[in-house]
Amino acid sequence: MPALLEAHRITVRFGGLTALSDIDFALQAGEVLSVIGPNGAGKTTLFNVITGRVRPTKGRVQLRGTDLTRSPAFRIAQLGVVRTFQKTEVFGQLPLIDGVSAGALARGDADPTASAREALATVGLAAKAHLAAHQLSYGDQRLLELAQALAARPAVLLLDEPASGMNHQESTHIMRVISELRTRGLAIMLVEHNMHVVMNISDRVIVINYGKKIAEGTPEHVRNDPQVIEAYLGVDRPSDALAS
Amino acid sequence: MRETPAQHPIALLATLVVLLAVPLVVRDEYFLHLFIVSGIFVIVAISLDLMVGYVGQLSLAHAAFFALGAYTSALLFVRFKWSMWVGIPAAGLVTALAAFLLGLVILRTRGHRFIIITVAFSEIMKLAATNWVDVTRGFMGLPGLQIPTLTIPGIGAIDIASKERFYYVVLIAAVLTFLACRALVRSRIGRAFVLVRENEVLAESLGISAFRYCMIAFVIGAGLAGAAGSLYAHYVGFVSPDLFNFSWVTVMLIMVILGGKGTLVGPALGAVIFTFLPELLREALQWRMIIFGTILIVATLFMPRGIIFPLLEHLVPSRWRTRHARAA
Amino acid sequence: MSVQLAILGQHLLNGVLVGCAYALIAMGLTMIFGVMNIANFAHGEFYMLGGFLAFYLVSLVGLNYFVALPTAVALVVLLAVLLQHSIFRRLRDAPTMTTTLVTIGLSILLEHVALLLWGPQPQSVPTPFPPSPINLGGIYTTPLYLFSMAVTAALIVAGHLVIRRTRMGKAMRATFQNKEASALVGIRIDRIYMLTFVFGAALAAAAGAVLGGFIPVEPTMGGVVTLKAFVVVILGGMGSFFGAIVGGLLLGLAEALGAGYLSSGWKDAIGFFAVILVLLFRPEGLFRRA
């Protein structure tokens with residue numbers, strides 16, 4: 001079955017630095033694909049390429065066969081590929097209901113406010129819809145980001161460290177939400193350092209180190225891959241660092 | 001999105017009734033003159049608020065658009081005898097077009113660069129008005145502009161050049177501008193303006209094109225400013241390169257900032273206040289501008305919502321406030 | 001020497017001096033922008049005040065010219081300290097619109113205070129140099145010109161050395177590159193802000209005082225000076241010291257040649273058009289290093 005989102009040989013070079021080198025992946029609807037790797041490996045750069053914030057030196061990104069590579073960021077979002085950011089981005093002073101309606105507005109939804117309410121309900125923030133974004137706790141703001149993205153009715157969701165800084169209760173909640181979205185048929189790509197989340201929610205995992213893909217497969221497979229272990233730890237030690 | 005008591009429909013209607021009665025009550029030509037000029041600047045301030053208050057970009061080209069509109073209308077009148085009725089829409093269109101072309105070049109930049117380029121554009125316009133003597137007559141300007149008669153089929157030609165009559169022309173223009181801009185900011189486009197202002201990167205990542213909405217605000221704002229410039233030119237009777245002086249920008253900014261950017265009503269009130277106030281402080285021009293400069297500094301640093309709304313909220317009893325203000 | 005060449009030489013000489021003045025003004029502006037992230041729309045007023053204070057001290061107070069120049073600069077420095085303490089300190093980390101509006105307000109304020117004090121007439125700083133021309137192989141110049149040229153060139157070199165070699169300069173550059181890291185290693189950011197601001201004001205005031213004998217100053221000139229300085233900063237790359245120097249010289253020369261061979265009325269537009277072109281084709285500036 002042809003993939004929903006595909007990347008071919010993505011390469012990004014800034015001056016003398018190669019941030020990404022020959023990255024391929026394919027993502028299906030209803031699938032959760034996690035991208036892991038040491039800090040600075042190039043994971044966020046990959047998201048930036050997919051969403052049009054960075055132009056790759058080489059390579060292509062395709063959504064249902066349509067080439068996205070040269071499209072501007074807002075157009076890619078309208079086509080159905082939406083992301084969240086590593087550093088929380090919200091519409092600080094606006095009430096949640098107004099900020100979340102952004103994606104729906106951009107798509108030309110008949111009733112953006114209703115779509116916003118729906119998205120807030122999905123993530124569990126419906127009760128706080130009248131508050132301003134800056135009044136929320138950190139964990140709630142991360143959920144808010146997810147709601148903002150959902151209101152744009154994406155086919156593909158790219159989540160950049162959605163569970164970062166969350167306590168156990170919060171990360172369990174967000175995992176539940178992500179699972180629910182997967183059941184609804186969204187294709188989800190995750191950059192995450194929290195291995196508990198990665199191992200329990202992913203269908204497949206890609207490991208990137210120094211801009212190159214060094215492993216790909218099921219969570220179990222990747223956890224035991226010697227190259228991956230070495231990349232994270234530097235020497236051959238048991239894979240307990242990758243365990244939850 | 002948020003409405004204060006001042007924007008309540010009853011308050012607006014009451015204001016309109018009062019405004020309609022002005023020429024009947026105010027007989028002094030000088031005060032009527034001030035009302036007319038304020039009305040023109042209401043249009044300027046509201047149109048500037050679209051860019052500064054709603055989209056959140058500080059365009060310093062607004063005065064240049066105002067002056068460009070004035071010159072366009074003046075040239076059409078002086079060279080082709082086209083009356084103000086043609087001049088106003090023509091000026092609006094020409095300035096809108098100029099804004100569109102300029103926007104194509106500069107609306108992808110942000111921050112300081114954007115601001116500086118708008119100033120550079122204004123200076124180029126000023127140089128053109130001063131040096132392109134064949135067309136603009138340079139420092140001598142273009143005098144002899146007139147307010148035309150208003151011809152209504154069935155009634156005939158009405159003379160509107162008197163201050164009492166022209167006041168109503170300006171009032172209608174200002175009210176129409178306000179209603180149109182209010183409809184714009186309440187529409188989906190207006191909601192997009194605010195989203196771009198609050199977090200542009202986020203808005204883009206959700207599918208909103210910042211460039212497109214900045215352009216819309218820029219072009220519409222400029223067109224309205226140009227039309228206002230045309231009204232001003234015909235009312236005052238002449239144009240000169242002084243219209244391109246930077247001091248006009250300062251005044252416009254004060255009207256918007258002190259009035260309360262992002263509210264439309266605030267800048268409209270600011271326009272009236274800052275047309276009357278300086279005239280009442282007729283003493284020395286120098287002191288007037290010194291005070292303006294100080295006000296701009298103090299207001300920007302300490303009064304982010306402007307003077308008017310905080311003042312009104314202070315004066316209006318709290319019972320009224322909670323009853324009429326919708327949730328923030 | 002042929003007449004054409006002599007005329008060209010004349011234009012170039014003028015252009016270099018004006019270019020050096022632009023460089024001095026832009027150097028300060030770009031540092032303020034780089035370190036404090038403030039686009040100082042009142043910067044040209046420092047130039048104007050440097051010139052007017054020099055004029056005032058020489059003509060009305062009767063100070064010796066060579067004493068008046070540094071005194072004028074010192075007075076402007078005093079003003080800068082006051083402004084930093086009362087206003088600019090509050091602009092730290094403020095959004096672009098806020099800092100721009102405040103500096104615009106300040107520019108208006110200073111301009112009209114100058115108008116109030118000295119009136120609208122353009123004034124030249126009286127200099128002790130004889131007006132007799134010196135013949136440099138067909139190109140004529142005056143002692144005043146040579147003095148002005150020497151001083152501005154020396155100031156540019158001094159400015160460059162301060163930034164590159166002194167501890168203060170290094171601290172400034174560090175703050176420019178990474179504010180948080182600089183604070184962490186013990187650099188006092190508020191002090192660096194003050195130093196940067198004062199440094200910028202001093203350079204601009206010095207340019208004004210020195211060039212005031214050559215080009216008349218008027219209270220309303222600050223705005224155009226600021227704008228030209230911004231043009232240079234954008235051309236050279238915002239935050240680039242080197243770019244400010246080279247950009248300033250380029251603009252000075254371009255304007256002199258433009259005024260000489262095209263039209264003096266339009267010469268101001270050269271920079272404005274250049275800025276729009278640079279923005280279209282090379283937004284980071286002509287000189288990439290920051």
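**Exercises on the B–C contact and two backbone angles**

In this predicted model, 31 residues of chain B are in contact with 33 residues of chain C.

**Exercise 1.** Work out which helices of chain B each supply at least two residues of the side that touches chain C, which of these gives the most, and how that side divides by residue class.

*Solution.* Begin with the helices: α4 (84-106), α5 (111-131), α11 (246-259) and α13 (285-302) of chain B each contribute at least two residues to the side that touches chain C. Next, look for the main contributor, which is α5(B), with 13 residues on that side of chain B. Finally, sort the residues on the side of chain B that touches chain C by class, which yields 19 nonpolar, ten polar and two charged residues.

**Exercise 2.** Locate B:Lys81 in chain B, describe its phi, and decide whether the residue is buried or exposed.

*Solution.* B:Lys81 is found in the loop between α3 (62-80) and α4 of chain B. Its phi is positive, about 60 degrees, although B:Lys81 is not a glycine. For the last step, count the C-beta neighbours inside 10 Å: B:Lys81 has 8 of them and therefore counts as exposed, since the cut-off for that class is 12 or fewer.

**Exercise 3.** Carry out the corresponding steps for B:Arg137, stating where the residue lies, what its phi is and how its exposure is classed.

*Solution.* B:Arg137 sits in the loop between α6 (133-136) and β1 (149-152) of chain B. The phi of B:Arg137 is near 60 degrees, which is a positive value in a residue other than glycine. Because 18 other C-beta atoms lie within 10 Å, B:Arg137 is classed as partly exposed.

Technical notes
Residues numbered from 1 in each chain as written. Chains lettered and ligands numbered in written order. Predicted model: local features only at pLDDT ≥ 70, side-chain atom pairs only at ≥ 80, totals over all residues. Contact = placed C-beta atoms within 7 Å. Helix = DSSP H or I, 4+ residues; strand = E, 2+ residues; numbered from the N terminus. Nonpolar A, V, L, I, M, F, W, Y, C, P; charged D, E, K, R; others polar. Buried ≥ 20, exposed ≤ 12 C-beta atoms within 10 Å, placed from the backbone.
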